[in-house]
Amino acid sequence: MLSQKARYLISFQYSGTMYSGVMETPPHQATLGVQNYLEKAAEKLRPLVPVKFVISSRTDTGVHALCNTAHIDIERSGGKPPFSESVLVQALNRNLKHEPIRVLAARRVSDTFHARFSALSRTYVYRVVTGCSCPSDLPVFERNLCWVTQRGHLDLAAMQEAAGLLVGTHDFSTFRSASSELPAKNPVKTIDQLEIRPSSGFLMHHVKSSDLKFWELEFTSRSFLYKQTSQPLRMPAIDVDKTSDENASDSPENSQQPKVRRMAGVLVAVGQHRLDPECVKTLLDIRDLMAYPPSTIAPACGLFLKNVEYCEADLDTGRTEAET
């Protein structure tokens, strides 16, 4: 019997603390990527051919995801019909066991859908906490989930002024990391939204200290830089990966969060009055990564991929979900 191959968009989340990042790593490596565990879970579904997760958005070591996405193709043996979306989610989560990775949803999509190239935008959130005299002041449930700063509370108005200078289309050369392939990458990108707001911690009603304050910096963009954070608009970007693997980690639409960390670091420095808001314009104008202020990059632990947006029309297959 002929087997029918089905493509799914998979939404998943994870705590990134114990992984080398989201991307697959060699199996002999001491610390593996989230993709390694997802594909091991899919292997237990007994597909006709191995299942590869084509990840939409790379996150590095220590970076978390509230919702990342990938597409997969599954072909079942013996002519069995495709998995229903609900059964696929349940099976993958069961096979992931106790890993801090969870599949949130599966959606049947067309064979031409691509998790990376079909994405409209990505949203990242960076979390900061102030008011800690030392790291031990941080509640247990916040550890490795925010940046603990010890320079007093932040000047929100100054940060918002600086953030306004980053919104829009700019040459972000100063905010990218060094790479052997930098000359091949276009540093002109657009940040659609950048919001800075006070926030609340996790389960903070048990914490007696009133000095702790939480802050969120939320970035939405169609295309972040290599070592920055975003994605091209609805069409494949020029492939500047170091390898031919479509999951290679250095593509412009996949290697985005380090630039977010650089922007977050500058904005926090403005909030601490270590930099003036106008410094952001100077950094943009100078267009030199060596001009980025030293010891300013925000750590990975505070960064979360919040959402990957798609056009609903691209997700519509016009098919009825098959039952297993």
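Here is a walk through this predicted model, from the overall build to helix α1, the charged pairs and the aromatic rings.

Let's start with the big picture. The protein has 324 residues, and 55% of them count as buried. Its secondary structure adds up to six helices and 10 strands. If you take the contacts between residues at least 6 apart in sequence, 76% of them join residues at least 24 apart. On the outside, the accessible surface is about 14700 Å², and carbon and sulfur atoms account for 53% of that.

Now zoom in on helix α1. Seven of its 10 residues are buried, so α1 is largely enclosed by the rest of the structure. The buried ones are Val34, Gln35, Asn36, Leu38, Glu39, Ala41 and Ala42. What lies over them? The cover includes β1, β2 (54–55), α2 (85–96) and β4 (101–109).

Glu39 deserves a second look, since this buried residue carries a charge partner. Glutamate 39 makes a salt bridge with lysine 52, with the closest N and O atoms 3.2 Å apart. Glutamate 39 is in helix α1 and lysine 52 is in the loop between α1 and β2, so the bridge ties together parts 13 residues apart in sequence. The glutamate counts as buried because its relative accessibility is 11%, below the 20% cut-off. Lysine 52, at 41%, counts as partly exposed.

That bridge has company: the structure holds 12 salt bridges. Another one joins aspartate 73 to arginine 7, with 2.7 Å between the closest N and O atoms. Here the aspartate is in strand β3 (residues 64–75) and the arginine in strand β1, so the pair ties together parts 66 residues apart in sequence. Arginine 7 counts as buried, at 12% relative accessibility. Then there is arginine 287 with aspartate 171, whose closest N and O atoms are 4.0 Å apart. This pair spans 116 residues, from the loop between α5 (279–286) and β10 (303–310) to strand β7 (residues 168–171). Arginine 287 is exposed at 55%, whereas aspartate 171 is buried at 17%. Salt bridges with shared partners also build one network out of Glu195, Arg197, Glu216, Glu218 and Lys306.

On to the rings, where the count is six aromatic pairs. In one of them, the ring centres of tyrosine 19 and tyrosine 37 are 5.4 Å apart and the planes meet at 65°, so the pair is edge-to-face, which takes an angle over 60 degrees. Tyrosine 19 sits in the loop between β1 (5–14) and α1 (34–43), while tyrosine 37 brings us back to helix α1, 18 residues apart. Tyrosine 19 is buried, at 1% relative accessible area, but tyrosine 37 is partly exposed, at 23%.

Tyrosine 126 and tryptophan 147 are also edge-to-face, with 6.2 Å from centre to centre and 90° between the planes. The tyrosine belongs to strand β5 (residues 119–130) and the tryptophan to strand β6 (residues 147–148), so the pair connects parts 21 residues apart in sequence. Both are buried: tyrosine 126 has a relative accessible area of 0% and tryptophan 147 one of 16%.

Ring pairs also gather Phe172, Phe175 and Tyr292 into a cluster. Tyr292 has a charged visitor too, as the charged end of arginine 262 sits over its ring, 4.8 Å from the centre. Arginine 76 does likewise with phenylalanine 83, its charged end 3.9 Å from the ring centre.

Last stop, the surface. Val140, Phe141 and Phe202 make a nonpolar patch of about 310 Å². Phenylalanine 141 lies in the loop between β5 and β6, and at 55% relative accessibility it counts as exposed.

Methods. Residues are numbered from 1 along each chain as its sequence is written. This is a predicted model: local features need pLDDT of at least 70, side-chain atom pairs count only at pLDDT 80 or more; totals for chains, interfaces and linings use all residues. Side-chain values use heavy atoms; hydrogens and water are left out. Rings of Phe, Tyr and Trp (its six-membered ring) pair if their centres lie within 6.5 Å; planes under 30 degrees apart count as stacked, over 60 as edge-to-face and the rest as tilted. Helices (H or I, at least four residues) and strands (E, at least two) are DSSP runs, numbered from the N terminus. Buried means under 20% relative accessible area, exposed over 50%, partly exposed in between (1.4 Å probe, protein chains only). A charge sits over a ring if NZ of Lys or CZ of Arg is within 6 Å of the ring centre and within 35 degrees of the ring normal. Patches are made of residues with over 30% relative accessible area and no salt bridge: like charges are joined within 9 Å, nonpolar side chains (Val, Leu, Ile, Met, Phe, Trp, Tyr) within 5 Å. Accessible areas come from the Shrake-Rupley method with a 1.4 Å probe; for residues, only the protein chains shown count as cover. A salt bridge is a side-chain nitrogen of Lys or Arg within 4 Å of a carboxyl oxygen of Asp or Glu. Contact means heavy atoms within 4.5 Å.
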